[in-house]
Amino acid sequence: MAGCQCTQAAGCPTVSGNFTRLGINIDNYDFLIALAGNPNTGKTTLFNALSGLRQHTGNWPGKTVVRSEGAFRHHEYKYKVVDLPGTYSLLSTSEDEEIARDFILFGNLDCVVVVVDATALERNLNLVLQVLEITDRVVVALNLMDEAERKGLYVDARKLSRELGVPVVPMVAREGKGIDQLLQTVEDVVTGRLSTRPRRIDLDPQIEEAVQQLLPHLKNLYPHLSNHRWLAMRLLEGDRSIEDAIRNDALADPETGSTVPADEEIPELEAALEV
Ligand SMILES: Nc1nc2c(ncn2[C@@H]2O[C@H](COP(=O)(O)OP(=O)(O)O)[C@@H](O)[C@H]2O)c(=O)[nH]1
Ligand SMILES: [Mg+2]
């Protein structure tokens, strides 16, 4: 069982900065991973298989949504794994989507495992592509392969992996099939032995130009973040939750605290957004 048992991050003496906001208990682990995916794809089945009884359930800080985290070891590494709420997208239109999105964006994750239903790939790939826009440390767990077979569907995992630019591991989580390969693949990604090349959408040249204008400002403000391009795209779309996060200094580095230049930078950001 993880060391910290409190469900209220604010009352936990071992958490600080962004970690408090995201509700991560700082335990002794080498790598932090999250399970994302549409509802009913087998995330919790996989989560249970990975963490067994080493689980801790609470709420996401300030939310009514249940948060489960567990710990496991594979080879010489200790992992913390978080079971994210099931979502069809990361557009932040519901509490679940917001939690999943913020955790993938700001949770300092070493890898996101996106669990997909092999019998409903088209619907599931929507979320995969959104996660690939945010991070390149992604492994796709192609689950329910038994159901796909039963329905006469053949999914070519290698081809899918080439198309997506990230590893795809076929699985039957309920029977424990594919878990070894998944863990080996996750290890390869978190240790940097395997580098991914996520498929990303090409932007319209005018939007690309606007993104390029925003990037230096965002990099300057948030050197600790790795997804400046994604932030720029959301700002150009007029995403209120990201605008608010910038204004409220919610994207600050947990190590150094406040993003000091925010007051001077916001007018510059706004000017860049006028293009
Ligand atoms: N046939 C089959 N069923 C599975 C598999 N993995 C999970 N399930 C079942 O799918 C249902 C949803 O699983 P769950 O882990 O709760 O999905 P979640 O909503 O993504 O957390 C449960 O009835 C599981 O037993 C699998 O690989 N094959
Ligand atoms: Mg679940």
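Which element gives the largest share of the shell around ligand 1? In this predicted model, that element is helix α2, with 3 residues. The shell holds 16 residues in total, and those that come nearest to the ligand are Gly42, Lys43, Thr44, Thr45 and Arg174. Two elements, α2 (43-51) and α5 (145-150), each give two or more residues to it. By character, the shell divides into 8 polar, 4 charged and 4 nonpolar residues.

From the ligand, it is a natural step to the sheet. Here, 7 strands form an open sheet with mixed pairing, in the order β2-β3-β4-β1-β5-β6-β7. At its edges stand β2 (55-59) and β7 (168-170); each has a single partner strand, so one side of each lacks a neighbour in the sheet. On average, neighbouring strands are turned by 25° against each other, direction ignored. As general background, the strands of a sheet pair through backbone hydrogen bonds, in either a parallel or an antiparallel manner.

Strand β4 (residues 77-83) offers a good place to follow both kinds of pairing. With β1 (residues 31-37), β4 pairs in the parallel sense over 5 bridges, and Ile33 stands opposite Val81 of β4. With β3 (residues 66-74), β4 runs antiparallel, and 7 bridges join the two; here Ser68 faces Asp83 of β4 as its opposite residue. β3 and β4 also form a hairpin with 2 residues between them, and His75 in the turn has a positive phi of about 55°. Because 5 of its 7 residues are buried, β4 is largely enclosed by the rest of the structure.

Elsewhere in the sheet, β5 (residues 111-117) and β6 (residues 138-143) are paired in the parallel sense over 6 bridges, with Val116 having Leu142 in β6 as its bridge partner.

Two helices can be followed across these strands. Helix α2, already met at the ligand, lies across β1, β2, β3, β4, β5 and β6, and runs at about 45° to β3. Helix α7 (residues 179-190) lies across β1, β3, β4, β5, β6 and β7, and its angle to β6 is about 170°.

A last stop is Leu164, found in helix α6 (residues 157-164). Leu164 counts as buried because it has 20 C-beta neighbours inside 10 Å. Leaving aside residues up to four places away in sequence, Leu164 touches Val128, Leu132, Val140, Pro198 and Arg199. Of these contacts, Val140 lies 24 residues from Leu164 in sequence, with a C-alpha to C-alpha separation of 9.3 Å in space.

Key: Residues are numbered from 1 along each chain as its sequence is written. Chains are lettered from A and ligands numbered from 1 in the order in which they are written. This is a predicted model: local features need pLDDT of at least 70, side-chain atom pairs count only at pLDDT 80 or more; totals for chains, interfaces and linings use all residues. Helices (H or I, at least four residues) and strands (E, at least two) are DSSP runs, numbered from the N terminus. A residue is buried if 20 or more other C-beta atoms lie within 10 Å of its own, exposed if 12 or fewer, and partly exposed in between; C-beta atoms are placed from the backbone. Two residues are in contact if their C-beta atoms, placed from the backbone, lie within 7 Å. A residue is near a molecule or strand if its C-beta atom, placed from the backbone, lies within 6 Å of it. Ala, Val, Leu, Ile, Met, Phe, Trp, Tyr, Cys and Pro count as nonpolar, Asp, Glu, Lys and Arg as charged, and the others, Gly among them, as polar. Two strands pair if DSSP finds at least two bridges between them. Axes are lines fitted to C-alpha atoms, for helices over the stretch in contact, and angles run from 0 to 180 degrees between N-to-C directions.
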